[in-house]
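User: I would like a close look at a single part of this model, followed by how that part fits into its surroundings. Please choose one spot, stay with it for a while and then work outward.

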Amino acid sequence: MKYALILLVFFVASTTIACKSSKSKKRSYIRSAYLELKDSFPNSDVVLLHDSIQLIFPENIMFNLNSADLLPSFQSKLNRFCRILNKYNKTNILTTGHTDNSGEESFNMKLSNDRAVNVKQRMIEQQVQEGRIFTWGLGDKSPILSNTTAEGRAKNRRVEFVILFAPKT
C-alpha cells in the first residue's frame with residue numbers, strides 16, 4: 001500500500017509537469033524508451049504502465065546481505081541502463097531500494113534507502129542528470145520472491161526503477 005502511494009505521488013508530480021506536452025508525443029516518447037529497454041534487458045521485467053515504465057532486474061542479485069554496495073556483476077547492466085536513460089533525457093526516474101526481511105525494520109529502511117542512493121550516485125557518475133533521479137527506501141515491504149529461501153532473500157535485495165515522462169519547461 002505504501003509503495004503504491006509513493007508511485008502515485010511521483011506519478012502526479014511528474015505528470016503535472018508533463019501536462020504542457022501533447023499526449024501523443026509523450027506516449028510515443030515513452031513507448032520508444034520502453035521498446036529500447038525491453039530489447040536491451042530481455043530477461044528483466046520491463047512493463048509499460050500508461051505513461052511510465054517500470055523496470056526490475058529480477059535475474060540479478062544487486063547487493064550482498066546487509067550491504068548497500070553494488071556488486072561488480074551488476075554494474076555493467078546499470079551502465080547500459082544509464083546510456084538509455086541519457087538518450088531519453090525527457091524523463092524522471094524513481095529509484096526505490098529494497099531489502100529482504102532479515103534484520104530490524106529500522107535497519108532495513110536505512111539500508112534500502114542507502115541502496116537507492118548508491119544506485120543514484122552510480123547513475124550520476126554515468127552522466128544521468130542528478131535532478132532527474134528521485135530515491136526512496138522501502139525496506140522489506142515489497143518482496144518479489146518469498147523471504148523463506150536464501151534465493152528469494154537475495155533477489156529481494158534490489159533497486160527498482162519507474163521512468164516517467166517529464167519534459168523541461
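Analyst: Helices and strands here are DSSP runs, with helices being H or I over at least four residues and strands being E over at least two, numbered from the N terminus. This is a predicted model, so local features need pLDDT of at least 70 and side-chain atom pairs count only at pLDDT 80 or more, while totals for chains, interfaces and linings use all residues. Residues are numbered from 1 along each chain as its sequence is written, and side-chain values use heavy atoms, with hydrogens and water left out.

Let's settle on H50, which sits in the loop between strand 1 and strand 2. These strands form a hairpin with two residues between them, and H50 takes a positive phi near 55° there. That deserves a second glance, because most residues other than glycine have a negative phi. H50 is exposed, with a relative accessible area of 73%; exposed means over 50%, buried under 20%, and partly exposed in between, using a 1.4 Å probe and protein chains only.

On either side of that loop, strand 1 and strand 2 run antiparallel and are joined by five bridges. Two strands count as paired if DSSP finds at least two bridges between them. Right by the turn, L49 has S52 in strand 2 as its bridge partner.

Follow the chain into strand 2 and the setting changes: five of its five residues are buried. S52, Q54 and I56 are covered on one side, and I53 and L55 on the other. In a regular strand the side chains alternate between the two faces of the sheet. Strand 2 is also joined to strand 5 by four bridges, again antiparallel, and Q54 has V162 as its bridge partner in strand 5.

Now step back to the whole sheet. It is open, with five strands in the order 1-2-5-3-4 and mixed pairing. Strand 1 (45-49) and strand 4 (133-137) are the edge strands, each pairing on one side only. From one strand to the next, the twist averages 15°. Over at strand 4, the pairing with strand 3 (residues 91-97) is parallel, over five bridges, and T95 has T135 as its bridge partner there. Helix 2 packs on this sheet, touching strand 1, strand 2, strand 3 and strand 5, and its direction makes about 170° with that of strand 1. Helix 3 lies across strand 2, strand 3 and strand 5, running at about 10° to strand 5. For these angles, axes are lines fitted to C-alpha atoms, for helices over the stretch in contact, and values run from 0 to 180 degrees between N-to-C directions.

Helix 3 is worth a pause. Its buried residues are F74, K77, L78, N79, F81, C82, I84 and L85. Their cover includes helix 2, strand 2, strand 3, helix 4 and strand 5.

That leads us to the largest nonpolar core, which has 29 residues, among which L78, F81, M123 and F161 touch the most other members. Such a core is a set of buried Ala, Val, Leu, Ile, Met, Phe, Trp, Tyr and Cys residues joined through side-chain atoms within 4.5 Å. Two or more residues come from each of helix 2 (23-40), strand 2 (52-56), helix 3 (72-87), helix 4 (105-125) and strand 5 (159-165), and helix 3 gives the most, with six residues. F161 links several of these pieces: leaving aside neighbours within four places in sequence, its contacts (heavy atoms within 4.5 Å) are I53, Q54, L55, F57, L78, F81, I93, L94, T95, V119 and M123. I53, Q54 and L55 bring us back to strand 2, where they are buried.

H50 also has a counterpart elsewhere. Q127, in the loop between helix 4 and strand 4, has a positive phi of about 75° although it is not a glycine. Q127 is exposed as well, with a relative accessible area of 62%.

To place all this in the chain as a whole, there are five helices and five strands, following the pattern α-α-β-β-α-β-α-β-α-β along the sequence. Buried residues make up 49% of the 169 residues. Of the contacts with a separation of 6 or more, 71% are between residues 24 or more positions apart.
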